[in-house]
Amino acid sequence: MERPSPSAAYFEEIGKIRAMSNATLSKKQSAELLRALKARFEKNMNRHKGFEWAEVQAKLEASAEKLRSLNAMERTGGEPDVVGHDKETGEYIFYDCAPESPKGRRSVCYDRDALESRKEHKPADNALDMAAAMGIELLTEEQYRGLQKLGNFDSKTSSWVKTPSDIRELGGALFCDRRFNTVFLYHNGAESYYAARGFRGSLRV
């Protein structure tokens, strides 16, 4: 069931998320974020066996831009964590690993065209623009299924995933969830939005 038009408070919160993604973190904020990421990294070693936090932290400390993106992921309930390492580029790969779709990114339609197509009951934002503002990418179906191999995610919620252009051009958009211990892929009109659907992102550092 679609959620009624978001409240003024929700619109304000979305505005804060966008501003947060462009704001340089203070030393205190950076330290707090790194502590949270380190604690999550050490608690969930099954997601990144053989990786060393010191190497990840060195990468993060060298990029204020990536820290801003991770802070936005963290502040919107994504619980980002390392899930991979690209040996060719040396980059570490973060995904949103919150058990359910990030709370601060729900009730959004798929993209700007979908948002503008709604004549009434518009959501506060759209997934693609929010992700771009945060400096992250929506998970693809393949990435989403890879995440699900690391645990059980979205057992009560669902998440938009990157939609192929041929489907989007016909008005549709894709989302995934996990039910009955199985990962499902579904479709909706791209303009739809639901209180239990957000999106998960990826970030390469």
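Glu137, at 47% relative accessibility, counts as partly exposed in this predicted model, and its side chain meets that of Lys162 in a salt bridge with an N to O distance of 4.0 Å. Because Glu137 belongs to strand E3 (residues 137-138) while Lys162 sits in the loop between strand E4 (158-161) and helix H8 (165-168), the pair ties together parts that are 25 residues apart in sequence. Lys162 is likewise assigned to the partly exposed class, with a relative accessibility of 45%.

This contact belongs to a wider set, for a search of the whole structure finds 11 salt bridges. Another of them joins Asp129 to Arg112, whose closest N and O atoms are 2.7 Å apart. Here, too, distant parts of the chain are linked, since Asp129 lies in helix H6 (residues 127-134) and Arg112 in helix H5 (residues 112-117), with their positions 17 residues apart in the sequence. The surroundings of the two partners can be stated separately: Asp129 has a relative accessible area of 16% and is therefore buried, the cut-off for that class being under 20%, whereas Arg112, at 47%, counts as partly exposed.

A salt bridge within one helix is found between Glu141 and Arg145, where the closest N and O atoms are 3.0 Å apart. Both residues belong to helix H7 (residues 141-148), and because they are four residues apart in that helix, about one helical turn separates them. Glu141 is partly exposed at 29% relative accessibility, and Arg145 falls into the partly exposed class at 32%. Elsewhere, Asp86, Glu91 and Arg204 are joined into one network by salt bridges that share partners.

The backbone offers a further topic. Most residues other than glycine have a negative phi. Against that background, Glu79 deserves a look, as its phi is near 50°, a positive value in a residue that is not glycine. Glu79 is located in the loop between helix H4 (64-75) and strand E1 (80-85), and with a relative accessible area of 33% it is partly exposed.

Ser107 also has a positive phi, of about 60°, although it is not a glycine. Its place is in the loop between strand E2 (92-96) and helix H5, the helix that holds Arg112 of the salt bridge to Asp129 described above. As for its surroundings, Ser107 has a relative accessibility of 0% and therefore counts as buried, whereas Glu79, the other loop residue described here, is partly exposed.

Conventions: Residues numbered from 1 in each chain as written. Predicted model: local features only at pLDDT ≥ 70, side-chain atom pairs only at ≥ 80, totals over all residues. Heavy atoms only, no water. Helix = DSSP H or I, 4+ residues; strand = E, 2+ residues; numbered from the N terminus. Buried < 20%, exposed > 50% of the residue type's maximum accessible area, 1.4 Å probe, protein only.
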